[in-house]
Amino acid sequence: MTEHMIDPSVVEAENARHEANLRTDYDSLGERLDRRGISIDAIKQKVAAFNIAVPSWGVGTGGTRFARFPGPGEPRDIFDKIEDCAVIAQLTQATNTVSLHIPWDKADPNRLKQAASRFNLGFDAMNSNTFADAKGQIQSYKYGSLSAADAATRQQAIEHNLECIEIGKTIGSKALTVWIGDGSNFPGQVNFATQFERYLDSAKAIYAALPDDWRIYTEHKMYEPAFYSTVVQDWGTNYIIAQELGEKAFCLVDLGHHAPNVNIEMIVSRLAQFGKLGGFHFNDSKYGDDDLDAGSIDPYRLFLVFNELVDIETRDADFHPAHMLDQSHNVTDPIESLMLSASDVQRAYAQALLVDRKGLLEAQDDNSLLTATQHLRTAFRTDVEPILAMSRLEKGGAIDLLGTYRASKYRQKVAEIRPAVEAGSSGIV
Ligand SMILES: [Mn+2]
């Protein structure tokens with residue numbers, strides 16, 4: 001039997017306050033969609049089946065280069081983190097998997113499995129870390145990891161990834177995500193080709209150890225922590241890597257890892273067209289890799305990304321990209337941010353499902369520019385909240401995410417058990 005971190009009676013009592021209004025809103029939206037030839041129940045079914053993984057590190061309070069401001073009741077270890085993830089899953093009913101980060105979440109794999117199964121949670125992709133030095137590690141990643149000039153450092157980074165695969169095998173993960181901080185800070189510091197060659201050789205060694213039913217995701221990032229160049233700089237480089245490695249290799253798109261104003265939805269289309277789109281790290285940004293809550297800055301862009309995904313899904317039934325949130329919460333309760341983000345990703349998906357695909361295609365073929373773009377705007381402007389809320393209600397989640405979470409007093413309760421973390425500065429001041 002599935003355990004719950006929040007007493008279901010709290011969820012029921014909160015839902016009872018909103019249910020009548022929700023049913024009225026749902027019926028009203030259903031009527032309006034019916035006039036557009038759309039069945040609201042069919043959309044709701046698809047939304048209900050949508051899942052997005054929560055990253056274990058997302059439930060902790062992050063920091064900036066300047067400072068970190070700890071919140072009350074912060075998770076002490078991966079087991080506390082799994083409990084926080086269970087809260088998000090219980091209320092949103094949209095996040096039934098957790099993505100682990102090694103070595104941060106290193107623990108007895110059997111205990112990890114048990115902890116997750118209490119809440120009927122599964123494990124999504126394993127994330128390796130060769131951008132920081134772990135305690136007791138022999139070689140340093142100061143000057144790179146998988147592409148380092150030093151062979152022993154490269155070997156250590158390869159072996160770390162192999163360890164992540166081993167842990168993942170035990171807990172039922174089916175994917176490894178590799179993001180590296182390798183790059184250079186000064187022109188002339190590295191030879192681009194040599195560095196990339198080393199990276200490819202290391203990546204091939206990891207790929208060789210990948211089980212047949214696994215995928216490897218590589219994630220590109222334009223800059224940071226290296227500021228002059230990064231090895232996996234852009235989607236083109238990422239595509240080359242996926243091609244070089246083989247059929248189990250796919251590209252991961254993190255919405256914050258591009259230059260400002262880059263047309264990310266078009267990158268999505270290109271990668272998918274050639275069978276190499278593996279999945280997403282959802283977040284939002286204004287200036288760079290801000291890791292803000294998904295949908296909080298540019299919800300239209302999120303919708304446009306999903307418009308491409310639904311378009312591909314319509315043409316290819318075997319298309320199943322991995323969805324994960326990848327955010328850093330410095331000044332909000334991470335559980336609240338992650339719940340709203342999961343819901344906003346779901347919202348973009350629901351809106352994209354409302355696009356009149358046939359009408360759009362006709363308008364495109366007729367060069368009816370404004371008709372075409374209006375098809376997108378009409379879908380985007382539809383308030384699909386009743387669909388999301390009804391899906392949650394029917395699955396045992398919360399109609400009002402924030403209200404129910406706050407009424408449960410979960411944060412106050414765990415703050416009594418989990419000791420306060422001292423504030424600290426990090427990086428430059
Ligand atoms: Mn990411």
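The overall dimensions, the central sheet, the packing of three helices and the surroundings of one loop residue are described below for a predicted model.

The chain contains 15 helices and 10 strands. Along its principal axes, the C-alpha trace spans about 65 × 60 × 45 Å. A compact globule of 429 residues would have a radius of gyration near 22 Å, and the value for the chain, 22 Å, agrees with this. Of the 429 residues, 45% count as buried. Contacts between residues at least 6 apart in sequence are dominated by long separations, since 79% of them join residues at least 24 apart.

Eight strands form an open sheet with parallel pairing, in the order β1-β2-β3-β4-β6-β8-β9-β10. The edges of this sheet are β1 (54-55) and β10 (322-325), each of which pairs on one side only. Strands of a sheet pair through backbone hydrogen bonds, in either a parallel or an antiparallel manner. At the β1 edge, two bridges connect β1 to β2 (residues 97-101), and the two strands run parallel. Within this pair, Val54 has Val98 of β2 as its bridge partner. Helix α8 (residues 264-273) packs on the sheet, where it touches β8 (249-254) and β9 (277-282). The direction of α8 makes about 170 degrees with that of β8. The strands β8 and β9 are themselves joined by four bridges and run parallel. Across this pairing, Leu252 stands opposite Gly279 in β9. Strand β9 is mostly covered, with six of its six residues buried.

Helix α8 also packs against helix α9. The axes of α8 and α9 come within 8 Å and cross at roughly 20 degrees. An angle under 35 degrees counts as roughly parallel, and α8 and α9 are therefore roughly parallel to each other. The crossing of α8 and α9 is right-handed. On the α8 side, the residues in contact are Ile264, Glu265, Val268, Ser269 and Ala272. These meet Arg301, Leu304, Val305, Asn307, Glu308, Leu309 and Ile312 in α9.

A second helix contact involves α9 (residues 299-315) and α10 (residues 334-353), whose axes come within 8 Å and cross at roughly 55 degrees. The helices α9 and α10 are therefore oblique to each other. The crossing of α9 and α10 is likewise right-handed. The α9 residues Pro299, Leu302, Phe303, Phe306, Asn307, Leu309 and Val310 meet a set in α10 made up of Asp344, Ala348, Tyr349, Gln351, Ala352 and Leu353. Asn307 and Leu309 of α9 are listed in the contact with α10 and also in the contact with α8.

The remaining description concerns Lys248. This residue lies in the loop between α7 (235-245) and β8. Lys248 has 17 other C-beta atoms within 10 Å and is therefore partly exposed, as 20 or more would be needed for a buried residue and 12 or fewer for an exposed one. Leaving aside residues up to four places away in sequence, Lys248 touches Leu210, Trp214, Arg215 and Ile216. Lys248 and Thr373 are 125 residues apart in sequence, and their C-alpha atoms are 36 Å apart in space.

How values were computed
Residues are numbered from 1 along each chain as its sequence is written. This is a predicted model: local features need pLDDT of at least 70, side-chain atom pairs count only at pLDDT 80 or more; totals for chains, interfaces and linings use all residues. Two strands pair if DSSP finds at least two bridges between them. Two residues are in contact if their C-beta atoms, placed from the backbone, lie within 7 Å. Axes are lines fitted to C-alpha atoms, for helices over the stretch in contact, and angles run from 0 to 180 degrees between N-to-C directions. The radius of gyration is taken over C-alpha atoms; the globule rule is 2.2 Å times the number of residues to the power 0.38. Angles under 35 degrees count as roughly parallel, over 145 as roughly antiparallel, 65 to 115 as roughly perpendicular and the rest as oblique. A crossing is left-handed if the near helix is turned anticlockwise from the far one by less than a right angle, and right-handed if clockwise.
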